[in-house]
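Reader: Please walk me through this structure, beginning with the sheets and then moving on to the helices.

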Amino acid sequence: MSSEQPVPVDSSSREPATVRVAMWSARHRWPVVGLWFAATIGLFVASLAMGGIDAGDANGDPNDRQLEATEAYDVFNAGGTNDPYEQLLVVIDGGPGATSDPSFKAAVGDLVRDLRDSQVEIEGTATPTFDELLNPFEVPPEAGLISADGTTVRLVTRIPGDDERVQALLEPVLPIVDATRAAHPELTIHVVSSTFINDDINELISTGLDDSLKLTLPLTFIILLFAFGAIVASVVPLVLAVTALLAAFGILGIYSQTVGPVSPNATQLIVLIGLAVAVDYSLFMITRFRVERRNGRDRGKAIEVSSSTAGRAVFFSGLAVMISLAGLVTLGVSLFTSMAIGTISVVLVSVIGSLTFLPATLSILGDRVKLGRPSTWLPRLVSALPLGPVSRWGRWAMAWLDRRSDRQEGSGFWGGLVTAVMARPIPLTVLSAAVLLALASPVLHLRTGITDITAFPDSIDGVAGVKLLDEKWPEGSELQLAVVVTRADKPETQAAIERLKVEGLKIEGLHEPIEVTPSRDGQAALISFTMAGGQNDEANRNLARQVRSELNPSVFGGLADVRTYVTGGAAYSVDVTQVYADGIPTIFLFVLGLSFLLMLVAFHSIVIPIKAILLNLLSTGAAYGILVLVFQDGWLAEPLGITPSGVIESWVPLFIFTILFGLSMDYHLFILTRIKEARDRGLESRAAVARGISVTSGTITSAASIMVVVFAVFVTLKFVFIQQLGLGLAVAVFIDATVIRSLLLPASMTLLGDWNWWMPRFLDWLPRVTIEGDPDEPVEAPNLAY
């Protein structure tokens, strides 16, 4: 064990604040580590004490903007809300000819009777679950309770009361239905209830989150073991990641209890982003520390150099990620803001941990960070197991890991690749850009929409029920287009409503039954038509637009002071997708503008930020194109276990842009700091590019591998929007770390040469805020054989 002092006691006053924080943490290593665990775990415990994370309704409206589709209900309820209720449907499929089979009719009758007789004691009174429940075989066929193909019936009823009362009244429903399923296994029975569906979705999110962690943590550890060649060095990043996740969950929980409910998807996004960035930042720091130790620096100096180079790069990279994510707040959507709050929190905690917890931990461990090298334990394990030929592979892998962990920076495959690319910059720039543009081309027919209930997996009983309803009642059963009309108590308005019903049915796509529901005070009315298909179907969206722009003005245009509002699934889809379409310019300008300024100041070059933005836009465009190919066009959907949705979730492109742009800046800043560090130490531009890219490529490959694994695991979760995020980010990071960083970046920087660092004279007044620490020794130029 080394007897050297962990850090020097004094620090130069010229060191940046981030380095001074890191060095202070290294000197006070044990208190800092203790405080880190106390703070991160304490935040999580505090949020649990306050009630945990208050997630919004998984089926609820994620948009609190004043849209026409939502304003319609505000107007309708302005005179007081009608008595609340929840609709419940039971769908029973008996196969061909079932509705004429006496045994099927008897089974349906028994289920109807049992449901009618169900009661729950509320406030000491036995209360029936349903006000009314009709037997499909005891009502006229016009009621539409029997499918046209004679295979299926549906029970349609309402449960009166608010959410709490409905929850209580629903208690006997599932046991009754389960008993019928057990008695008649030949029947397919589904219960469609928003309460049940919401409970099932939240449970699926929770179990999916647990399953994703069980898969990503071991895979991440394996990648880290290959990157570091030591168990201790591989465990430290996971400790930072887990504590950062706990702290972020705590912050989100406190936010949800003090500000308002958060998106039910926010926790998944925290894991998605947090695990990736926390491990990446640790990888950068620990790799640089080990390099400095290998170069002969004592422990304290190695921590100082790591903090002033990789640590500063982590700080600015984290700042870039948080700036990108902050762009989401400009949409003004509260649940969307909550997703931004959660992801920004986990990035912020990861950055703080990289500048405090990691230096303190490295100060404690020193060279013991290399403990657990495969050569010390794998031989005994391999020899103890009857692995046969596999043992030879194990010994080879062990030797390869040992050689890799001791290899000098910039050597090996990546050094050779960078040299080869820089020897042929023009053809590789053209070829790489052409490939990325080809991948991005499908974005020209990108269609965004809203994930409806059918985007959730069929393992949710209510989802399977909705799909069966859509199949058996193709004219429509659940999807409605509704018109809210004011001054509905006036005779002339009532006459116009009758005309609306007649004229509406003349429009292809609007069907009966038509329901007219008066508001509580009678001054407004809601007229609903039935629609076939889904809310994202372009035909249904056009129907909503047509009713708004043509039908309503022709019917109510001559009535003074009468206002109409179109709502329903398709109308809501039109409004929400427009919100995000309108938000694109603002978010792009916000993210690109602040990222440009950050890199302009950091590198004192106008070329570097412009080129970085263009390269990041190329990888983002390629990710969008692949999303369209898979989720809209169905390419490779089946092998990936994906059900094509026909649309991309309306907020996913913006979220991918903000996350990917931040993460891409992470890699870009890490590479550029090493290039600028080499250039500031005396290398000419071409040699500095070769040096900076070659010495960082291995680390970035490991970091990108971790991100790809984390994001790809989310493709296995059966939520379409999470799959879209996972696939889009996994593909984009892969492209970013290969085509962009290994081909386009070195090729373009070779072509530009010293112009990479050009700064117009009129911008010389900008402050020089460097990312990397001041050099204290020259570096050796790589061998550029071209």
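**Sheets and helix packing**

Reader: How many bridges join strand β7 to β10, and in which direction do they run?
Author: Strand β7 (residues 480-486) is joined to β10 by 5 bridges, and the two run antiparallel. Strands pair if DSSP finds at least two bridges between them. Strands (E, at least two residues) and helices (H or I, at least four) are DSSP runs, numbered from the N terminus. The model is predicted: local features need pLDDT of at least 70, side-chain atom pairs count only at pLDDT 80 or more, and totals for chains, interfaces and linings use all residues. Residues are numbered from 1 along each chain as its sequence is written, and side-chain values use heavy atoms, with hydrogens and water left out.

Reader: Which residues stand opposite Leu481 and Ala482 in β10?
Author: Leu481 faces Gly568, and Ala482 faces Thr567.

Reader: What is the strand order of that sheet?
Author: The order is β8-β9-β7-β10, an open sheet of 4 strands with antiparallel pairing. β8 (510-518) and β10 (564-568) are at the edges with a single partner strand each, so one side of each has no neighbour in the sheet. From one strand to the next, the twist averages 20°. Angles here run from 0 to 180 degrees between N-to-C directions, and axes are lines fitted to C-alpha atoms, for helices over the stretch in contact.

Reader: Which helix packs on this sheet?
Author: Helix α20 (residues 569-603) does, touching β7, β9 (524-531) and β10. The direction of α20 makes about 100° with that of β10. Contact means heavy atoms within 4.5 Å.

Reader: β10 is an edge strand; why is it described as largely enclosed?
Author: In β10, 4 of the 5 residues are buried, so the rest of the structure largely encloses this strand. Buried means under 20% relative accessible area, exposed over 50%, and partly exposed in between (1.4 Å probe, protein chains only).

Reader: Now the sheet that contains β1. What is its order, and which strands are at its edges?
Author: That open sheet has 3 strands in the order β4-β1-β5, with antiparallel pairing. β4 (152-160) and β5 (188-193) are the edge strands, each pairing on one side only. Direction ignored, neighbouring strands are turned by 15° against each other on average.

Reader: How is β1 linked to β5, and what packs on this sheet?
Author: Strand β1 (residues 85-93) and β5 run antiparallel and are joined by 6 bridges. Within this pairing, Ile92 has Ile189 of β5 as its bridge partner. Helix α17 (residues 461-472) packs on the sheet, touching β1, β4 and β5, and its direction makes about 105° with that of β5. β5 is mostly covered, with 5 of its 6 residues buried.

Reader: Turning to helix pairs, how do α21 and α22 cross?
Author: The axes of α21 (residues 607-632) and α22 (residues 652-680) come within 9 Å and cross at roughly 135°. The two are therefore oblique to each other. Angles under 35 degrees count as roughly parallel, over 145 as roughly antiparallel, 65 to 115 as roughly perpendicular, and the rest as oblique. The crossing of α21 past α22 is right-handed. Right-handed means that the near helix is turned clockwise from the far one by less than a right angle, and left-handed that it is turned anticlockwise.

Reader: Which residues make that contact, and of what class are they?
Author: Among them are Ile608, Leu615 and Tyr624 of α21, and Phe657, Met665 and His668 of α22. The contact has 16 nonpolar, 5 polar and no charged residues. Ala, Val, Leu, Ile, Met, Phe, Trp, Tyr, Cys and Pro count as nonpolar, Asp, Glu, Lys and Arg as charged, and the others, Gly among them, as polar.

Reader: And how does α16 pack with α21?
Author: Helix α16 (residues 425-440) packs with α21 at an angle of about 40°, their axes 6 Å apart. That angle makes α16 oblique to α21, and the crossing is left-handed. Leu436, Leu437, Leu439 and Ala440 of α16 meet Leu618, Gly621, Ala622, Gly625 and Ile626 of α21. By class, these are 7 nonpolar, 2 polar and no charged.

Reader: Finally, in α11, is Ser338 buried or exposed?
Author: Ser338, in helix α11, is buried, with a relative accessible area of 0%. Apart from neighbours within four places in sequence, Ser338 is in contact with Leu252, Tyr255, Val262, Ser263 and Ala266.

Reader: What about Leu348?
Author: Leu348 is also in α11 (residues 334-355), and counts as partly exposed at 39% relative accessibility. Its C-alpha atom is separated by 8.9 Å from that of Ala248, 100 residues apart along the chain.
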